Amino acid sequence: MPTPAKHTSLWASAALALVLGSGFAVAQAPAPAPDTAAPAADAPDAAAPAPAAEAPAGDAAGADAPAADAPATDAPATDAAAGEAARDAAGTEAAADLNAVTGPIAGPDTEVEIAPRSQGAQLTTEEQKVMESEVQDHTSKPQDQYEPALTTLAQEQLAVPGAPEGVPTLSQVEFDEANTIYFERCAGCHGVLRNGATGKALTPDLTRELGFDYLHSFITYGSPAGMPNWGTSGELTEEQVTLMANYLLNDPAAPPEWGMPEMMNSWQVFIPPEERPTEKMNDWDIENLFSVTLRDAGQIALIDGSTYEIRKVIDTGYAVHISRMSASGRYLFVIGRDAKVDMIDLWAEDPSVVATLKIGLEARSVETSKFEGWEDRYAIAGGYWPPQYVIMDGATLEPLKIVSTRGMIYDEQTYHPEPRVAAILSSHFRPEFLVNIKETGKIQLVDYTDLENLKITEIEAERFLHDGGLDSTKRYFITAANARGKLVVIDTQEGRLEAITETGGETPHPGRGANFEHPTFGPVWATSHLGDDSVALIGTDPEGHPDQAWQIVDSFPALGGGSLFVKTFPGKSNHLYVDATLNPEAEISGSVAVFKIDEMPGDGSDPEIITLPLAEWAEITEGQPRVVQGEFNKDGTEVWFSLWNGKDEESAIVVVDDATLELKHVIKDPRLITPTGKFNVYNTQNDVY
């Protein structure tokens with residue numbers, strides 16, 4: 001079974017970044033006194049060992065712009081003689097001030113020149129080539145392409161914070177541009193407030209000690225520990241790199257909070273419950289209806305699973321992340337990344353949005369109550385910003401209870417100001433929602449029977465909780481702690497932690513996973529990985545197979561890294577489908593791997609891979625259409641895949657006959673703009689996966 005890669009320390013990476021290429025941008029500060037001057041790269045301990053950095057990790061159900069990793073904030077502050085000179089000039093009093101500038105003072109108008117790096121000059125050409133080969137362009141790492149962009153926060157105009165003396169002041173135009181870059185490329189790892197998440201913190205007390213030169217070089221060249229090479233890759237211009245280095249010296253932006261007054265102002269009920277039909281009023285086959293995300297159009301398409309007809313396209317929030325069904329199968333809930341929740345009545349003569357609510361500025365998850373006797377009573381949505389979740393009335397979306405997730409990280413017992421809400425599931429065994437709190441590593445079991453006296457059971461699990469689903473019995477919730485390479489198992493009947501297991505792969509991303517009966521190991525649940533090509537199977541039968549329960553019983557390769565979803569149809573399909581959506585190779589990202597379940601060996605050897613070239617079948621010749629998220633029809637006879645292409649390029653949905661693995665139908669339509677997630681009403685309503 002594959003094992004996670006070991007990462008170079010960021011301090012060593014910083015030294016490495018300084019030796020690549022022919023030169024780096026140096027801010028021109030006043031020359032230091034002769035007794036303090038020394039080449040920047042000659043600082044003592046420049047390559048001293050430091051704690052290993054965490055690699056970037058995936059964070060959402062659709063692919064976004066990458067997010068940068070951070071320079072080592074625990075590294076010695078003696079990395080540049082210019083920084084020493086600035087500290088000496090400032091005096092001991094200023095050095096003790098966390099807001100003091102400890103690197104060269106520079107701004108947007110500072111003259112720069114290209115200067116050789118002395119440490120690089122000490123290496124032979126061959127040694128430089130070896131080091132250069134260790135740094136991969138970030139686009140070659142599928143998991144680095146997946147960092148969640150906070151695109152809606154990037155659209156907010158936030159006031160420029162006041163800059164202390166010595167820190168370059170940014171204009172409103174510069175600050176807006178820097179915020180857009182930061183929220184779209186960096187905040188997914190480093191956090192909205194720059195306090196760190198899967199990446200290190202970038203708060204001013206740390207960045208000002210590192211100094212402008214350090215930040216500029218690191219943003220430009222990146223590191224093999226996961227920091228993208230924003231400058232040398234061409235993603236950022238030289239001017240933008242300078243802007244971002246100065247931006248990090250300033251105080252973080254302060255996005256607005258979003259409480260009950262803001263929610264109530266956004267809440268709209270277009271058709272009140274008493275005016276809605278009491279029975280189904282259309283001829284739609286609702287149970288076999290697919291809700292398809294049209295990501296860049298800010299819409300969903302409702303497609304008939306039998307005729308492949310697009311019955312209706314509905315405007316929703318930006319980049320819908322998921323669709324969820326009410327327990328009754330009547331109401332469809334969708335949530336966009338702009339935190340807008342739309343509630344669609346599928347019983348109406350013309351199904352449409354009957355209520356809407358904006359629960360914040362960035363969000364990913366929505367769910368409804370499913371426990372017997374509480375069906376359709378409540379809905380819940382979780383926010384990335386502000387960090388909180390909201391319990392709503394299940395018929396109107398009226399916000400009833402807001403719960404903040406700010407608090408202590410489970411293992412360090414240190415405060416985290418923005419723990420994001422990732423997956424939310426509804427228990428079938430207790431009147432509870434299961435809420436993943438990503439950065440603090442906690443899973444909250446939220447009892448919704450008494451909202452005024454809310455009872456929350458908090459389970460300490462593992463940091464960077466992301467997506468997951470239920471096992472075949474619906475008793476156990478299996479969720480990925482993706483940046484830690486682990487699966488966490490929760491017993492929803494007993495309300496307790498059952499197990500934490502390493503997958504052996506890098507950055508597990510199961511979606512909701514896939515349940516099937518393995519010929520050797522019995523009931524298992526599968527996940528694929530963003531960071532490598534492995535598929536891991538975990539045993540899920542503590543009664544029939546106790547020795548294998550909650551253990552990784554097998555791991556085998558699929559087509560390649562960059563997988564987002566695995567899929568099967570429990571009890572009916574003999575196939576496990578694995579996509580490779582974010583793989584950089586077009587042939588791989590445009591195909592799907594298939595494994596025959598009844599032929600899976602149990603002896604450690606790898607099962608045979610069947611490759612279906614879906615992009616070729618769809619005859620799309622422009623762009624790089626990427627296969628993403630298989631979803632079965634109600635009967636489990638067909639599996640649908642999105643071919644997700646550029647916004648201005650042709651996309652499609654490819655339907656495969658599950659029994660024969662042959663092409664059955666291709667859905668093409670100008671309205672299918674960047675189709676990604678697909679959610680069959682029956683399967684989503686009944687947690688079939």
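How many of the six residues of strand E5 (residues 299-304) are buried? In this predicted model, the count is six of the six, so E5 is largely enclosed by the rest of the structure. The burial applies to both faces of the strand: Gln 299, Ala 301 and Ile 303 are buried on one side, and Ile 300, Leu 302 and Asp 304 on the other.

E5 has a partner strand before it and another after it in the chain. With strand E4 (residues 289-294), E5 pairs in the antiparallel sense over six bridges, and Leu 294 has Gln 299 of E5 as its bridge partner. Four residues sit between E4 and E5 in their hairpin, and Gly 298 in the turn shows a positive phi of about 65 degrees. With strand E6 (residues 310-315), E5 again pairs in the antiparallel sense, here over five bridges. Gln 299 turns up once more in this pairing, with Asp 315 of E6 as its bridge partner. The hairpin of E5 and E6 has five residues between the strands, and Tyr 308 there takes a positive phi near 65 degrees.

Further along the chain, four strands make up an open sheet, antiparallel in its pairing, in the order E29-E30-E31-E32. Strand E29 (566-567) and strand E32 (610-612) are the edge strands, each pairing on one side only. Two bridges join E29 and strand E30 (residues 575-579) in the antiparallel sense; Tyr 577 in E30 is the bridge partner of Lys 567.

Turning to the helices, helix H8 (residues 212-221) gives a picture of burial as well: 10 of its 10 residues are buried, so H8 is largely enclosed by the rest of the structure. The buried set includes the aromatic-bearing positions Phe 212, Tyr 214, Phe 218 and Tyr 221, along with Asp 213 and His 216. Right after H8 comes Gly 222, with a positive phi near 70 degrees.

Helix H5 (residues 172-185) and helix H9 (residues 238-249) cross at roughly 90 degrees, their axes coming within 10 Å. H5 is therefore roughly perpendicular to H9. On the H5 side, the contact is made by Glu 174, Phe 175, Glu 177, Ala 178, Asn 179, Ile 181 and Tyr 182, and on the H9 side by Gln 240, Leu 243, Met 244 and Tyr 247. By type, the residues of this contact split into seven nonpolar, two polar and two charged.

Two of the H9 contact residues, Met 244 and Tyr 247, come up again in the largest nonpolar core. That core has 55 residues, and those touching the most other members are Phe 183, Ile 219, Met 244, Tyr 247, Ile 359, Met 392 and Leu 397. H9 supplies the largest share of the core, seven residues. Phe 183, leaving aside neighbours within four places in sequence, is in contact with Ala 149, Leu 150, Leu 153, Ala 154, Leu 158, Val 192 and Pro 255. Another core lies apart from the largest one; it has 19 residues, including Leu 614, Val 656, Leu 661 and Val 688.

Finally, there is Thr 152, in the loop between helix H4 (125-134) and H5. At 8% relative accessibility, Thr 152 counts as buried. Its C-alpha atom is separated by 7.1 Å from that of Arg 337, a residue 185 places away along the chain. Beyond neighbours within four places in sequence, Thr 152 is in contact with Arg 337 and also with Tyr 318, Asp 338, Leu 361 and Glu 362.

Technical notes:
Residues are numbered from 1 along each chain as its sequence is written. This is a predicted model: local features need pLDDT of at least 70, side-chain atom pairs count only at pLDDT 80 or more; totals for chains, interfaces and linings use all residues. Side-chain values use heavy atoms; hydrogens and water are left out. Buried means under 20% relative accessible area, exposed over 50%, partly exposed in between (1.4 Å probe, protein chains only). Two strands pair if DSSP finds at least two bridges between them. Axes are lines fitted to C-alpha atoms, for helices over the stretch in contact, and angles run from 0 to 180 degrees between N-to-C directions. Angles under 35 degrees count as roughly parallel, over 145 as roughly antiparallel, 65 to 115 as roughly perpendicular and the rest as oblique. Contact means heavy atoms within 4.5 Å. Ala, Val, Leu, Ile, Met, Phe, Trp, Tyr, Cys and Pro count as nonpolar, Asp, Glu, Lys and Arg as charged, and the others, Gly among them, as polar. A nonpolar core is a set of buried Ala, Val, Leu, Ile, Met, Phe, Trp, Tyr and Cys residues joined through side-chain atoms within 4.5 Å.
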